[in-house]
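Biologist: Before we discuss this model, may I see the sequence and the structure together?

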Amino acid sequence: MASSGENIFSAREAVSGAIAAALDKLGIGADAGSIMLERPNDPSHGDLSCNIALVTAKKIGTNPRKLAARLVEGLELDEDFIDRVEIAGPGFINFSFSDRYLTGQIAAINELGDSYGSSNLGGGRKVQVEFVSANPTGPLVIVSARAAAIGAALVNILKKAGYEVETEYYLNDAGSQVRKLGASTMTRFRQRIGEDVPFPEDGYSGEYLVDLAAEIPEGEGRAWLEKGGDEAVKAFGDYTLDRTITWIKGDLEGFGVEFDAFFRESALYVEGGEIEDVLALYRDRGSVYEEEGAVWFRSTDYGDEKDRVLVRSDGTPTYFLADAAYHLNKFRRGFDRVIDIFGPDHHGHIARLKAASAVFGAPDDWLTVLTVQWVRLMEDGRQIKMSKRGGEFETLADLVTDVGADASKFFFLMRKINAHLDFNLTLARKESEENPVYYVQYAHARICSVISYARGEGVESPKDSSCVELLTEPEEMELIRNLVIFPQLIEGAAESYEPHRLSTYGQQLAGSFHRFYHICRIVSGDTRLSEARLLLAIATKIVLSETLRLLGISAPERM
RNA sequence: GCGCCCGUAGCUCAGCUGGAUAGAGCAGCGGACUUCUAAUCCGCAGGUCACAGGUUCGAAUCCUGUCGGGCGUACCA
């Protein structure tokens, strides 16, 4: 019987193959891609639905139902897989999996274990996912938490789908924002030692800099001040960066999100670094020109709406130049594909970044930019303003303390990334027990509990899995159907970069398990039936814990 | 002004790349534990998919326009 990953798909492939053959018999040349098999919403419409008759009928001058009838007549299907074929509605051809096929998948899943759902869709291609990348000017805030949850889940999914993935955090440790940060800390330090100095108008006014300045050994701080001017600002800036980067790493660790690499913007500015290279390369390609003393990039040649400045008239490089250089660096590292996850305030960069990449020869689909939309934090019905400069914000660390990493991750991953999100803190705190994440985790804990109970009662997984034929209840079949769609779900989530599909699925799967558990007693006097249900529970545990793992959420054994 | 994203139940959101009668959770109402975890299950109620056209066998989904919200539109980062 089914024992490898391929066999999980074989029913589906068998059906599309049979349809293609039947079309061929009728002399209708249909390209393979036009045969679509969908999973109907309504279970009475079977497990797979084909609309090919609807699509092609007009082309060959007949009506869809007639064409469907002729197609079905010519279908040769393996009855081990499909036991019912029906023409329905305007001309859909609906296929139902046989119970034998479905129950057979339980053994296949148990044999594959954690690798169930893995595929070779990616073919080992190298993908880099860059995310969070918030400026190191303070603790991470909520929108970064959302990006972290999404990025980490996407990475897990891509790996599962056969991509080789590296994660990276881009640290903007150069440029004027860092100067401001240094100046802000310096001012806080001077205020601390009793100097009456005004705080810079565009400085970072958050309390955390006061605290940070308080921790600077006084002698050291005074020594930095004596350097004077830019040197002093730089000394305070370096100190502050060191601390904020440590915070950021700690926050991410507390959230359970790891990065393979932290790439420092300052590394681009070294002698022989990509800043120089990208300018030279663009000059070679004739993509730059000088105007009013500044160096411009002709990004309009590549579809951007206006040209962009690379080097200001005062000779300093722009943020965009650094970004272009950074992407040249990524390109040279040999990634087949690069995914940047941006915050909502950076979506204007997409066109110019694509332009920048095109010049150094990156294919159109090399760079994908995903935009994570804002999170509005609501508390007691009012929106909390979030601004590092304004100083009032909810940090990622606060969120972890308030509602926990698992719950907040699940919350973020329930939504499409490009939709705005209202995070109701009051509700999340007060009703964290109502959070859907517990529903999914509880199903897992329940399974663990019942498995150990079964063992205590002497029910073990049988060597021979033929007992699964005893599974016939609707709740059993519904649960198996949900297990069977898992591999396809992974591929869909990987192709569309939509990790939220897994959280929806997790709820659906947990729901079908809870219903099964409620209706079907697992450990009963009927040993063979108990064994069969135990096998089903184990298969569910595998898929559920894998789903949670991909989402970056723990799968507790007891709750 | 121009560009991108969004508008689905009272609230927060799904809707599998154009399919059949648009689904969950929360909130509301009513039921189910002397038996494997009640953080569970079952039922009821809740909708002009912002609005108007268009494309076609078929539209919440694609196109155009309007309205509403967010973001961007720097020789800031």
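Biologist: Which atom of RNA strand B lies 3.1 Å from a backbone N or O atom of Val523?

Modeller: This is a predicted model, and the distance is computed from its atoms. Val523 takes part through a backbone N or O atom. At 3.1 Å, the partner in RNA strand B is a base oxygen.

Biologist: Which residue has a polar backbone atom 2.8 Å from a base nitrogen of RNA strand B?

Modeller: The atom on the RNA side is a base nitrogen. On the protein side, a polar backbone atom lies 2.8 Å away, and it belongs to Tyr517.

Biologist: How far is the side chain of Tyr442 from a sugar or linking oxygen of RNA strand B?

Modeller: Tyr442 is listed among the closest residues to RNA strand B, together with Arg312, Arg415, Tyr439 and Arg446. An N or O atom in the side chain of Tyr442 approaches a sugar or linking oxygen of the strand, and the distance is 2.3 Å.

Biologist: Which element gives the most to the surface near RNA strand B?

Modeller: Several elements give two or more residues to this surface, including helix H2 (52–56), strand S4 (92–97), helix H16 (436–456) and helix H19 (500–519). In total, 65 residues surround the strand. With 8 residues, the element that gives the most is H16.

Biologist: How many residues of the surface near RNA strand B are charged?

Modeller: The surface residues divide into three classes. Of these, 24 are nonpolar and 22 are polar. The charged residues number 19.

Biologist: Is Asp340 buried or exposed?

Modeller: Asp340 is found in strand S11 (residues 337–342). Among the residues it touches are Glu130, His327, Leu353 and Thr368. Because its relative accessibility is 0%, Asp340 counts as buried.

Biologist: With which side chain does the side chain of Asp340 make a polar contact?

Modeller: Lys330 is one of the residues that Asp340 touches. The two side chains also make a polar contact at 3.0 Å, so that the criterion of N or O atoms within 3.5 Å is met. The partner of Asp340 is Lys330.

Biologist: Which helix gives the most to the largest nonpolar core?

Modeller: The largest nonpolar core has 124 residues, and Ile19, Phe95, Leu158, Phe412 and Phe423 have the most contacts inside it. It draws at least three residues from each of domain 1 (8–97) and domain 3 (432–551). With 14 residues, the helix that gives the most to this core is H20 (residues 527–551).

Key: Residues numbered from 1 in each chain as written. Chains lettered and ligands numbered in written order. Predicted model: local features only at pLDDT ≥ 70, side-chain atom pairs only at ≥ 80, totals over all residues. Heavy atoms only, no water. Core = buried A, V, L, I, M, F, W, Y, C linked by side-chain atoms within 4.5 Å. Buried < 20%, exposed > 50% of the residue type's maximum accessible area, 1.4 Å probe, protein only. Helix = DSSP H or I, 4+ residues; strand = E, 2+ residues; numbered from the N terminus. Domains from an automatic or database assignment. Near = heavy atom within 4 Å. Polar contact = N/O pair within 3.5 Å; in protein donor to acceptor, adjacent residues only side chain to side chain. Nonpolar A, V, L, I, M, F, W, Y, C, P; charged D, E, K, R; others polar. Contact = heavy atoms within 4.5 Å. Lists of a residue's contacts leave out its neighbours within four places in sequence.
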